[in-house]
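The following report describes a protein chain by its charged pairs, its packing and its strands. Please consult the sequence and the structure shown here while reading.

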Amino acid sequence: MPLSLPSFSIASSRQQRWLRLAVGALAALIVIWLVSWLAIAHLAKGPLERIASEQLGRPVTVGAIEFTPWTLELTLRDIAIGGAQGGPPQLQIARIYADAELQSLVRLAPVVDALAIDAPHLRLTHLSDGHYDVDDILARLAAPSDKPASGPARLALYNLALTDGTIEFNDHRVDALHTVRQLALKVPFISTLPSQREIKVEPHLSFVVGDSRFDSSVQGTPFAQTGKGDATVKWEGLDLAPYLPYLPASLPVRVQGALLDLDLKVAFEQAPRLAVTLSGTAQTRNVKIADRNNQPLLSYERLTVDMADVRPLDQVVRLARVELASPIVTAARNAQGAVNLAQLATPAAAAKPAAPARTSPAALAPQAPASSANPPAATAPAPGWTVAVAQAAVRKGQVRWSDQSTRPAAALEATDLTLDVADVAYPFKAPLTFTGALGVQGSTLAFKGQATDRAAEVRLTAQALALQLAAPYLAQTLEPVLTGLVSGELALQWQAPAGDAAKAGATGITLGAGPLALEQLALQQGKTALASVGKLALDGLKLNLDTRTVDIERLGITQPKATVERAADGRWLAERWLKSAPAATPAGATTAEASAPPPAAPAAPAWRVRLGELAVDEGSMAFADRAQPRPVALNLSALSLQARNLALDGGKPEAFQLSARVAARRGNAGFVESRGNAGIVESRGNAGKLDYRGTLTPQPFATQGRLEASRLPLHALDGYLADRFAIELLHAEAGFRGQVAMAQSARGTTLRVSGDAAIDELRANSTAAATPKTADQVGEELLAWKSLGLRGLSVALAPDTAPGWRSKRPAWPTSLRASPSTKTAAST
């Protein structure tokens, strides 16, 4: 086929034209890239600095701008924002790098593949007047704009990274400089574009403060409809001391030091409302807390809180475990009686009453009563917090107590305190349980119990607890020192009173004890024991403070020893044991006012005491009365007492037994020997015996039973005869076997005695000229016999009735001797 030259030239011409267009476009693009690369960096620097300076009100400088148009990479170097009043730069950034994507042109929104900020250095200053040196910048940024709100900016940022940042916070108010170093923040993705809203963001934040390092990471979809996210926060060894000056001065305590450790997971979700859940561990270490006077109040080695589910916005706190290690609680009372722990309950200052507002005439007009058909709607109570703690523990605790209000000052210390608490829940649905123990200066106390907000029960077990711990407090009222050891169990029950009982001020407290033993109990004056008890055993004690009742199943007293003595001035020894409190008369009060008795308080109901069983064994007592013309001295030994079902208000006769050995003390008759801690004496010869078995009625007092007595030393009571008879009873031994009945009533005392009586070994001297005799005869032997017996003796005493007595067959005295002045001597 013949070739058509015109058609070929037309096609070739068209191809050349498209080629020229492509080459021209490529050349233009290259020129644009070259111009952008060469000119934009220089053309944009000035306007950028000017606009930023106008927006911030501070000089803004940029060291260099680098732009690579073929990769859309932009780098800004050495950015600086000037400081206030010509100070050092407020902010310095070594480099800002951004790698944009061509998608920015398609989406008409910034799409940045990478954004890096290197070595930012921010300086903040808290001025002494409470303002900050960036207040002017914040005011400019917060100024309202004339542009209508257009919603959040449309953007997509990838691989955000801030490295090697520094923040300096200079606080002139407390003269402190705080520095954050090695600040690093990494955010893989942030987007507001619809196509990217479900992409997860996993940022990372870390920095160093002082010697502690903070580390965290987050995973979430913050821009999705639900807004889910998880954050991990780790901070070890944060020293809180530099930040303690920021605590309010009105706090009742002073925190002197603390370290903080955090290992937390924070989960959040916005569906339909914000929910925040915390879990993990928070710990404080080496905490020291003082009172307002900078005296120690509380310190501990470690407090660890293991959070299982904490939702602060929902008012829910569920903790897996709380452990306090090595706490030291220091409680003290000064000489004025103020306790340092009471500072924690110091009430807030009352607000000043507002000035009355001016009332308008319309307000003074009578108001129509509110319609009963539309009562004000009741406000529903706000939901309270729900708190649950699975386990709580205290380990190696100490409690120190000092009291300067006593003389001598008191000082107590409890060591090795352990406490375990389980099933804590508020509001209470079930009782929490607790167990623990502590050591008190050589003794051990253990306790356990359970409690709610309406009831509590505690059982305390003591082992060899020394009563000397209470010596400083007993010394305020007691001269001798109380010593002894307490071992056994105590119980306390509390039930919140309700109804009329609560209105009447009931406490709801019941105390219990048993088995409880007090051993080596003694009252000592120097090295002399005035009274002592070998062992006091108590079982089944129940004391109710509201009903004022005391029930004791059994009280056993072994080896009690006591000295009962009255001095020549008429004061008993027990009276000298008590210290008299000085009577304080208010200044300016007259004598009549000072002596006026206080108004009588309403009489409280009498206490009701019931004792199921009382047993006293191996008791002894030394009795002396020096207030008589001739001293009286008597000793009881082998004292035994048994009683059942005793009650102070009991009206029924109950079984009662009493036995003892009775002897006169040295100086009156025979030879006696002093033994024991309480000055008890016992005769080396044969002491008298006393045995009584019968019944006892406490109210009104009455007793009846069989009495057997032999060789009772009547001469020991000679001092009570001195002002009634003109004789001195040198020796006499009494005996009796028979029945005794005694009762007291409003009319008086009734006594009936029937049985056989005897008075043996009687010797008596005359002491006064009651009958005509010479002066030489005073003090001579007046009367003596070997034995005088009264068989079938019957004695009756009754109120308003003359005494009466009779004897079926008297046994006349044997070996009777009389004074020579009687001119009588007889021998049978």
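## Salt bridges and their surroundings

Arg311 is partly exposed, its relative accessible area being 24%. On this scale, buried stands for under 20% relative accessible area, exposed for over 50%, and partly exposed for the range in between (1.4 Å probe, protein chains only). The model is a predicted one, in which local features need pLDDT of at least 70 and side-chain atom pairs count only at pLDDT 80 or more, while totals for chains, interfaces and linings use all residues. Residues are numbered from 1 along each chain as its sequence is written, and side-chain values use heavy atoms, with hydrogens and water left out.

Arg311 forms a salt bridge with Asp314; Asp314 is likewise partly exposed, at 26% relative accessibility. A salt bridge here requires a side-chain nitrogen of Lys or Arg within 4 Å of a carboxyl oxygen of Asp or Glu. Side chains of opposite charge can pair when their charged atoms come close. By this rule the structure has 26 salt bridges, and the table lists some of them.

| Salt bridge | N to O distance |
|---|---|
| Arg302 and Glu301 | 3.7 Å |
| Arg311 and Asp314 | 4.0 Å |
| Arg644 and Glu613 | 3.9 Å |

Arg644 belongs to strand β27 (residues 632-647) and Glu613 to strand β26 (residues 608-625), so this pair ties together parts that are 31 residues apart in sequence. Helices (H or I, at least four residues) and strands (E, at least two) are DSSP runs, numbered from the N terminus. Arg644 is partly exposed, with 46% relative accessible area.

Arg302 and Glu301 are both part of a network of salt bridges that also takes in Arg321 and Glu323. Arg302 is partly exposed at 26%, and Glu301 is partly exposed at 41%.

## Nonpolar cores

A nonpolar core is a set of buried Ala, Val, Leu, Ile, Met, Phe, Trp, Tyr and Cys residues joined through side-chain atoms within 4.5 Å. The largest such core comprises 29 residues, and Leu518, Leu555 and Leu614 have the most contacts inside it. Its greatest contribution, 4 residues, comes from strand β21 (residues 509-525). A second core lies apart from it and has 16 residues, including Leu162, Leu183, Leu260 and Val389. In soluble globular proteins, nonpolar side chains tend to be buried together.

Contact means that heavy atoms lie within 4.5 Å. With neighbours within four places in sequence left aside, Leu555 is in contact with Leu536, Ala537, Leu538, Leu611, Glu613, Leu614 and Ala615. Glu613 thus appears in this list and also as the salt-bridge partner of Arg644.

## Aromatic pairs

Rings of Phe, Tyr and Trp (its six-membered ring) pair if their centres lie within 6.5 Å; planes under 30 degrees apart count as stacked, over 60 as edge-to-face and the rest as tilted. The structure holds 7 aromatic pairs. In one of them, Phe207 and Trp235 meet edge-to-face, at 5.3 Å centre to centre and with 90° between the planes. Phe207 lies in strand β7 (residues 204-209) and Trp235 in strand β9 (residues 229-239), 28 residues apart. Both Phe207 and Trp235 are buried. Trp572 and Phe623 form a tilted pair, with 6.3 Å between centres and 40° between planes. Trp572 is in the loop between β25 (554-566) and α7 (573-577), whereas Phe623 is in strand β26, 51 residues apart. Trp572 is partly exposed at 29% relative accessibility, while Phe623 is buried at 17%. Ring pairs also join Phe207, Phe214 and Trp235 into a cluster.

## Strands, a loop and a buried histidine

Strands β1 (residues 60-68) and β2 (residues 73-81) pair in the antiparallel sense over 8 bridges; two strands pair if DSSP finds at least two bridges between them. Val60 has Ile81 in β2 as its bridge partner. The two strands form a hairpin with 4 residues between them, and Leu72 in the turn has a positive phi of about 55°.

His126 is located in strand β4 (residues 111-126) and is buried, with 7% relative accessibility. Beyond four places in sequence, His126 contacts His131, Tyr132, Phe169, Asn170, Asp171, His172 and Arg173.

Leu344 is found in the loop between β14 (328-333) and α4 (361-364). Its C-alpha atom is 7.5 Å from that of Val253, although the two residues are 91 apart along the chain. Not counting residues up to four places away, Leu344 touches Pro252, Val253 and Leu297.

## Confidence

pLDDT is the predictor's confidence in each residue, from 0 to 100. The chain has a mean pLDDT of 80, and 77% of its residues reach 70 or more. Over residues 1-5 the pLDDT stays under 50, and the model has 0 contacts for them beyond four places in sequence. Residues 821-828 also have pLDDT below 50, with 5 contacts beyond near neighbours in sequence.
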